[in-house]
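Thanks for sharing this one. Here are my notes, set out point by point so you can check each against the coordinates.

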Amino acid sequence: MNTQLDALAYGNRLRTLPPEQKLFFALVLLVIAMFVHPPIHLAVGSWMLVWTVFYAGIPWRFYLGMVLGVMSFLLTSLAAIICNFASLAPDDSLWSWPLWGGQIYMSMSALQQAIEIFSRSLASTATLFFIILTVPFAELAVVLEKTPLPTILTELLLLCYRFIFLLAEVAQSIAIAQQSRGGYRTRRLALSSVSLLIRQLIQRTAIRYQQIALGIKARGFNQEFRFWQSQPYKYSWRYGLESIAGCILLVIGEIFYRIYV
Amino acid sequence: MSDYLLEMQGVEYTYPMAEQAAVKNLSFRLPSGRKTALIGQNGCGKSTLFLLADGLCRPQQGVILLDGVTLKFDRQTLNRWRQRVGLVFQDPEQQLVAPTVESDISYGLCNQNLPEQEVADRVRRTLADFQLTELARRPLHHLSLGQKKRVSIAGVMALRPDLVLLDEPTAYLDPVQTRNLLTELDNIARSGTTLLIATHDLDFVYQWAEWVLVMNNGSLLLEGETLAVFEQLQLLPSFEIGMPLIWQIWQTLPAKVRDDHQVPRSIAELAVITNLLA
Ligand SMILES: Nc1ncnc2c1ncn2[C@@H]1O[C@H](COP(=O)(O)OP(=O)(O)OP(=O)(O)O)[C@@H](O)[C@H]1O
Ligand SMILES: [Mg+2]
């Protein structure tokens, strides 16, 4: 888990909105994205960008980095869908190239399919990013607790969340200690430093685990992990209205698309 | 309630796989309702004593009593024991479990099955007492070490135990936060809670504590009123843990002055005496 991502989720400007409101909004958008056509996908994606970057105040560089990361991964897998190989390219192929006695080609239908997948992924990624970047994990878990999911699951998620950062901190502190003593000067040194780091991490994690088990006992562990959290959220009419109006517009847009295109 | 809250008799504990006992033949009595300090060199067994006192380590020998009742190691006794004895670890990471500050403070309260409203009230009050209200919704991994330390102390104090064991509470704290913590500890002590603080800060012990335990090599060396303990420590030059600054300055004053005045316990008291000299 990325610490910067987490920091942004805790510091974003939409933090005071109830997480339920944000989650419900995102859920509706995801459903819309499942049924609509590429132009509406793009509308969903750009609208989410407005929410994430302008309303929530997530730095656009960071956001762009995340989107590009996912997109580059997606594009490479799309290449496999677009390009086909057969002994003879079909008639509707847009483009073909002879190879190994057959033809590698790109068909119209495959291209359409690829565009569809790409735009839908773009819309759903933007929606997911909106949630990840504006709802801190601990608050997400509180919402999960209200669902019929077993509480043990949400408890475990919360504990994992805490320990992931503990581990990350240990790893980071070892790495910094090694760096400060020149452990990564050459490639060979770096290699042995990394292996030392991993061994140390495992060892220290085991010790940490024992220590934390003691700490949890000392605090009266009672077969269950239960916490209380204040919920100083304010439902916002302004954002509520925008999300409802926007969703209606998207649906209308889709209807027009189906009628006229 | 007896005069002594916590008592150990002939306690011995060896960590698994360790060659030597960390604590051996340890006996002492802790008077109830007083500000007490535990001092001794690194590795003398202070933290181990705390683990034993909270029932987290099971001694191989000896008995531990709270209010005259012997500690037994069944779950029910342990649960009740740990409701009365709070332990703040040396390393705050060791006891912080929840994702955010306020939820961590609520953890021990939720374990006691208190009603939600009561939990919420106590969390809010504790946050205010420890100047943590602004950090309430921050995740723990975004805090500095000193802030984590305060959260770990607050999480224990929210439970209002009868006895609080604090391992190096002022470690990592800046001077302002140290002063705030001491004020808060004084408030807690005034409400009748017994505090036992393990520390290396002898100046703090000298000015704050009413009762002092000195450990050496896993057993008790001295126990008693603060002044009496430091007087005896001075007669043990082979046992090196240093002396409080006020005490050292006091020792440089002429014998006649020392005969005429009581030993000063604070900078202010010392200043009054030295001003008289000038
Ligand atoms: N988990 C452990 N396993 C084995 N030996 C241990 C363990 N923890 C502590 N010890 C040993 O037990 C002895 C007492 O340790 P303890 O932590 O109680 O000392 P301390 O008085 O708290 O020291 P400090 O002032 O440095 O905090 C030391 O010799 C230490 O090396
Ligand atoms: Mg210690």
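The points below take the domains of chain A, then the contact between the chains, then the ligand.

1. Please keep in mind throughout that this is a predicted model. The domain assignment splits chain A into domain 1, made of 1–135 + 233–261, and domain 2, which covers 136–229. Their C-alpha centres are 32 Å apart.

2. How many residues of each domain are in contact? In chain A, 13 residues of domain 1 touch ten residues of domain 2. Together the two domains of chain A bury about 1,100 Å², and carbon and sulfur atoms give 66% of that area.

3. Between these two domains of chain A the count is one salt bridge. Glu139(A) and Arg15(A) form a salt bridge through their side chains, at 2.9 Å from N to O. The count of residue pairs in polar contact across this domain boundary is two, with both at pLDDT 80 or more.

4. On the domain 1 side of that boundary in chain A, helix H1 (3–11), helix H2 (19–35) and helix H5 (108–134) each supply at least two residues. H1(A) gives the most, with four residues. By type, this side of domain 1 has eight nonpolar, two polar and three charged residues.

5. Now to the two chains. Chain A brings 36 residues to the contact and chain B brings 38 residues. The area buried between chain A and chain B is about 3,400 Å², with 52% of it on carbon and sulfur atoms. On the chain A side, Arg162(A), Arg219(A) and Trp228(A) lose the most area to chain B, and together they account for 30% of what that side buries.

6. Which side chains meet at 2.9 Å, N to O, in a salt bridge between the chains? One such pair is Arg219(A) and Asp104(B). The count between chain A and chain B is three salt bridges, alongside twelve residue pairs in polar contact, both at pLDDT 80 or more.

7. H1, helix H6 (137–146), helix H7 (151–180) and helix H8 (187–218) of chain A are the elements giving two or more residues to the side that touches chain B. H8(A) gives the most, with eight residues. The residues on this side of chain A divide into 18 nonpolar, eight polar and ten charged.

8. Finally, the ligand. Residues surrounding ligand 1 include Tyr15(B), Lys46(B), Gln90(B) and His200(B). Oxygen atoms of ligand 1 lie 2.7 Å from a side-chain N or O atom of Ser47(B) and 2.5 Å from one of Thr48(B). For Cys44(B), a backbone N or O atom is 3.3 Å from an oxygen atom of ligand 1.

Definitions and conventions: Residues are numbered from 1 along each chain as its sequence is written. Chains are lettered from A and ligands numbered from 1 in the order in which they are written. This is a predicted model: local features need pLDDT of at least 70, side-chain atom pairs count only at pLDDT 80 or more; totals for chains, interfaces and linings use all residues. Side-chain values use heavy atoms; hydrogens and water are left out. Domain bounds come from an automatic or database domain assignment. Contact means heavy atoms within 4.5 Å. Buried area is the accessible area (1.4 Å probe) that two parts lose on being put together, summed over both. A salt bridge is a side-chain nitrogen of Lys or Arg within 4 Å of a carboxyl oxygen of Asp or Glu. A polar contact is a pair of N or O atoms within 3.5 Å; within protein, one must be able to donate a hydrogen and the other to accept it, and residues adjacent in sequence count only if both atoms are side-chain atoms. Ala, Val, Leu, Ile, Met, Phe, Trp, Tyr, Cys and Pro count as nonpolar, Asp, Glu, Lys and Arg as charged, and the others, Gly among them, as polar. A residue is near a molecule or strand if one of its heavy atoms lies within 4 Å of it.
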